[in-house]
Amino acid sequence: MNPPDLISILILGGIGLVAIGAVGMAVSRHLLRLVLALAIAEAGANLLLVLAGYRWDAVAPILAGAGATQPMVDPVPQALVLTAIVIGVGVQALAVALLIRVKEAYGTLDIRELKTLVEHEICGAAGIAPPESANAPGTRQPYPVPAASRESA
Amino acid sequence: MMVWIALVLVALMLGAAVLVLLLDNLVAAIAAASVVSLLLSLLFALLAAPDVALTEAAVGAGLSGAVLALGLRRLGLIDLGKREDSDA
Amino acid sequence: MPKHASILFATRMTTLLIGLAAQLPLGMTPMGVGQAILERAPSETGSANIVTSVVLAYRGIDTLGELAILFAAATVAGLVLAPSIHAGNEAKARPRDDAGLVLRAGSDLLFPLLLSVGFYIVLHGHLTPGGGFQGGVVLAAAFFVSFLARPARQPSHVGIVLIEALAGAAFIGIGLAALFGGGAFLQPVLDKGTLGQLVSAGSLPLLYLAVGLKVGAELSGLLAHLAE
């Protein structure tokens, strides 16, 4: 297709949106930006779905009267995308609610700080030293042995 | 004719999507995501899918932006910069 | 490290998708099921909007699943955001006074307009582009704008939950009525009428009315939970 036609431009746009969303989810350090990148990836996927049912010079699948009908686009992908858009906003609302709770519990939304805070919390609950200290398991102390094998050996 | 309209819309949409990841201010990032949804609804209207265009405009550009902005307010991360005087 | 790996992954995924898309018959899709639905939908369901007939009549179970997912998301978000025991007094420090004159006057003007536009979109779902989900979002926006203008006057959460539950039960009840009437679950019942009239297409406008009320109540409850 030498001249850029409508469908190849839109396909590239949809693939570009999915790629930007995927890169954004992997690279972002703030959790809210991760949710935004997820929303962009969902938008790209919906565009690709609607594009799968498109036909050249076809009209929307709505009957305007009792006249002779032109060829229409495929209505099934449009019904699927209707569902997908509404589910996407439901998932985003739930993600934002969970982010509010994370901020209240840990005080930060940066994934690097959260990693250290959660690690310290788990190590504190398990009774072993955190990984950065000199007394971490494996550096100077032996690994903690489970209680069952401690009695048998 | 429609090719040029689609080209402009897709270019603006990809630019806004890249801006979501690059902007520091989170309110501006949410606004850029709403712009992506708005341009996407125009593309859906171009693709002879009026139901999907209506849903994307109402849900993506309206409700999603409202939900994210309300979450941002509750997180306490709204930062609108310095203003010399405020009106209404 | 994640930057380089993610850019490499995005490049390879983009190449794969472009290679896949170059082989597809884009623009000339062989519509098997879609063509059959386009030919039969006006006579079988009686609605002028074929996407509505696909959403409600041919794939009604998918709409029921979508309503279930929305219900789960809104309920769990409300549970997660409920004031916890450890929140204390700092969570209630948000000012409850009314907004400025512009927002108050604007919301008073917009509320009846948004309500009528929302109900129009919901009820005409089988004639024009629209339907339950779009109209439900507009209805939720109507209640949310009035809540933004006067945060102290909240809509009662019990009323919202009651409307949502009754509308969801009405959707399932209409589907079960079709089951007991001798057809399949969620098969459109009632007389089809003439194509293009408001009162036509059997039970499809009733199903969309239930969907619109449920989605509107659910989303306004979710926004009220997020805003306070």
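Which residues of α2(C) are buried? The points below take this up along with confidence and the interfaces.

1. **Ground rules.** This is a predicted model, in which local features need pLDDT of at least 70 and side-chain atom pairs count only at pLDDT 80 or more, while totals for chains, interfaces and linings use all residues. Residues are numbered from 1 along each chain as its sequence is written, and chains are lettered from A and ligands numbered from 1 in the order in which they are written.

2. **Helix α2(C).** The buried residues are G34(C), I37(C), L38(C), A41(C), P42(C) and T45(C). Buried means that 20 or more other C-beta atoms, placed from the backbone, lie within 10 Å of the residue's own. Helices are DSSP runs of H or I, at least four residues, numbered from the N terminus. These buried residues of α2(C) pack against α3 of chain A, and also against α3 and α8 (204-227) of chain C.

3. **Kink and exit.** α2(C) has a kink of about 40° at E39(C), shortly before the proline P42(C). The bend is the angle between axes fitted to the seven residues ending at a residue and the seven starting there. G46(C), just after α2(C), has a positive phi of about 85°.

4. **Chains A and C.** Here 40 residues of chain C are in contact with 35 residues of chain A. Contact requires C-beta atoms, placed from the backbone, within 7 Å. On the chain C side, α1 (2-23), α2 (33-45), α3 (50-58) and α4 (60-80) each supply at least two residues. α1(C) has the largest share, 10 residues. This side divides into 30 nonpolar, 6 polar and 4 charged residues. Nonpolar covers Ala, Val, Leu, Ile, Met, Phe, Trp, Tyr, Cys and Pro; charged covers Asp, Glu, Lys and Arg; the others, Gly among them, are polar.

5. **Chains A and B.** 38 residues of chain A are in contact with 38 residues of chain B. On the chain A side, α1 (6-27), α2 (31-51) and α3 (75-106) give two or more residues. α3(A) gives the most, with 12 residues. The split is 29 nonpolar, 6 polar and 3 charged.

6. **Confidence.** pLDDT is the predictor's confidence in each residue, from 0 to 100. Chain A has a mean of 84, with 89% of its residues at 70 or more. Among its elements, helix α5 (residues 147-152) has the lowest mean, 65, and α2(A) the highest, 94. Where pLDDT is low, the predicted coordinates should not be read in detail. Chain B averages 88, and 91% of the residues score at least 70. In chain B, helix α3 (residues 50-75) is lowest at a mean of 91, and helix α2 (residues 26-46) is highest at 94.

Definitions and conventions
Two residues are in contact if their C-beta atoms, placed from the backbone, lie within 7 Å. A residue is buried if 20 or more other C-beta atoms lie within 10 Å of its own, exposed if 12 or fewer, and partly exposed in between; C-beta atoms are placed from the backbone.
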